[in-house]
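Subject: Structure handover and notes

Hello,

Here is the structure we talked about handing over. My notes on what was found in it follow below.

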Amino acid sequence: MERKIKLRTLNAYITCKICRGYLVDATTVTECLHTFCKSCMVKHLEENNTCPTCQIVIHQSHPLQYISFDRTMQDIVYKLVPNLQENEMKREREFYKQRGLPCPKDIVQPSGDLEDDKPGNHGDSDFHRMDEQVNVGLECTTEHLKSLKRKFIRLSSQATITHLKKFIAQKILDGMDKYRDIDILCNNELLGKDHTLKFVYVTRWRFKEPPLRLQYRPRIDI
């Protein structure tokens, strides 16, 4: 037996907290996973560096680098809200038409061999994001914390030390909220929470062989 749910009962989950409308080009903050319309969020970050919902600092100087398009959420919104996708596409085309410009979504991108687009033909594909990647080795320096089962990971060069702390806390402390209980070091030097991995690599590991080797331990108050 199918159970019907009224759309208004889901509105809190599929609307933007900035404009109060349904999500369009849903964009999620990687730090806290709250989602907004892309245009709303970009405009908000022109004057702020915090999440409009929870007020967490996204990044001190480059918050736009820590938001990303949420295709899954946008697909859900389009499936739930009748005619939303068609109406938004019509409005977007009209916007560009008035300015004598082609709509970006109507521009056909050149594709390679059609065989490459078939399911199962992605054996050599790189499914990481297109930004620069860093290979990192994480070693525990104390018996008071567990070692990670997977000591080597690959992630964006724009990820920060705080992101790594949250990853470690989730894996070994059973809760991302405990990330403040962890210190991360490189060459026995304590790393700042807002350092990006690219900054750490360039300043601490530039002339060494990859991967970037980092150590973690329980936090020591200095």
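Tyrosine 96 counts as partly exposed, at 22% relative accessibility. This is a predicted model, so please read every value here as computed from it. The cut-off for buried is under 20% relative accessible area, and tyrosine 96 at 22% therefore counts as partly exposed. Its sequence neighbour phenylalanine 95 is also partly exposed, with a relative accessible area of 41%. The structure holds one aromatic pair. It is formed by phenylalanine 95 and tyrosine 96, whose ring centres are 5.3 Å apart and whose planes stand at 90 degrees, so the pair is edge-to-face.

Helix α4 covers residues 84-98, and glutamine 85 is found in it. Glutamine 85 is partly exposed, with a relative accessible area of 42%. Its C-alpha atom is separated by 9.6 Å from that of glutamine 74, and the two residues are eleven apart along the chain.

Glutamine 74 belongs to the buried residues of α3, together with Met73, Val77 and Tyr78. Seen down the helix axis, these fall within an arc of 135 degrees, so they line one face of α3. What covers them includes α1, β1, β2 (35-37), β3 (67-69) and α4. The face of α3 turned away from the buried side carries Arg71, Thr72 and Lys79, which are exposed.

Now the chain as a whole. There are six helices and eight strands, and along the sequence they follow the pattern α-β-β-α-β-α-α-β-β-α-β-β-α-β. Of the 222 residues in the chain, 36% are buried. Among contacts with a separation of 6 or more, 51% are between residues 24 or more positions apart. The chain exposes about 15600 Å², and carbon and sulfur atoms supply 52% of that area.

Which residues have the most contacts inside the largest nonpolar core? They are Leu197, Leu214 and Tyr216, in a core of 26 residues. The elements that give two or more residues to this core are β4, β5, α5, β6, α6 and β8. The largest share, five residues, comes from α5. Apart from this core lies another, of 21 residues, among them Val24, Cys37, Leu45 and Ile58. As background, nonpolar side chains tend to be buried together in soluble globular proteins.

Leu197 also appears in helix α6 (residues 197-204), where Leu197, Val200 and Arg204 are buried. The three cover an arc of only 65 degrees around the axis, which puts them on the same side of α6. They pack against β4 (133-140), β5 (152-156), α5 (161-172), β6 (182-186), β7 (189-190) and β8 (212-218). Leaving aside neighbours within four places in sequence, leucine 197 is in contact with Val134, Val136, Leu155, Ser156, Ser157, Ala159, Ile161, Leu164, Leu212 and Leu214.

Some backbone points are worth a look on screen. Most residues other than glycine have a negative phi, and most peptide bonds are trans. The exceptions to report here are these:

- A cis peptide bond joins proline 210 and proline 211, with omega about 5 degrees. Proline 211 is placed in the loop between α6 and β8.
- Arginine 20 is not a glycine, yet its phi is positive, near 70 degrees. It lies in the loop between α1 (11-14) and β1 (26-29), and arginine 20 is exposed, with a relative accessible area of 65%.
- Asparagine 83 has a positive phi of about 65 degrees and is not a glycine either. Asparagine 83 lies in the loop between α3 (71-80) and α4.

Finally, the annotation. UniProt, in an unreviewed entry, places the feature "domain: RING-type" at residues 16-55. Over residues 16-55 the chain is 18% helix and 18% strand, and the C-alpha atoms at the two ends are 15 Å apart.

Regards

How values were computed
Residues numbered from 1 in each chain as written. Predicted model: local features only at pLDDT ≥ 70, side-chain atom pairs only at ≥ 80, totals over all residues. Heavy atoms only, no water. Buried < 20%, exposed > 50% of the residue type's maximum accessible area, 1.4 Å probe, protein only. Helix = DSSP H or I, 4+ residues; strand = E, 2+ residues; numbered from the N terminus. Arc of directions from axis to C-beta. Contact = heavy atoms within 4.5 Å. Areas by Shrake-Rupley, 256 points an atom, 1.4 Å probe, with all protein chains shown as cover. Core = buried A, V, L, I, M, F, W, Y, C linked by side-chain atoms within 4.5 Å. UniProt positions renumbered as here; feature names shortened; annotations may be inferred. Phe/Tyr/Trp six-rings, centres within 6.5 Å; stacked < 30°, edge-to-face > 60°.
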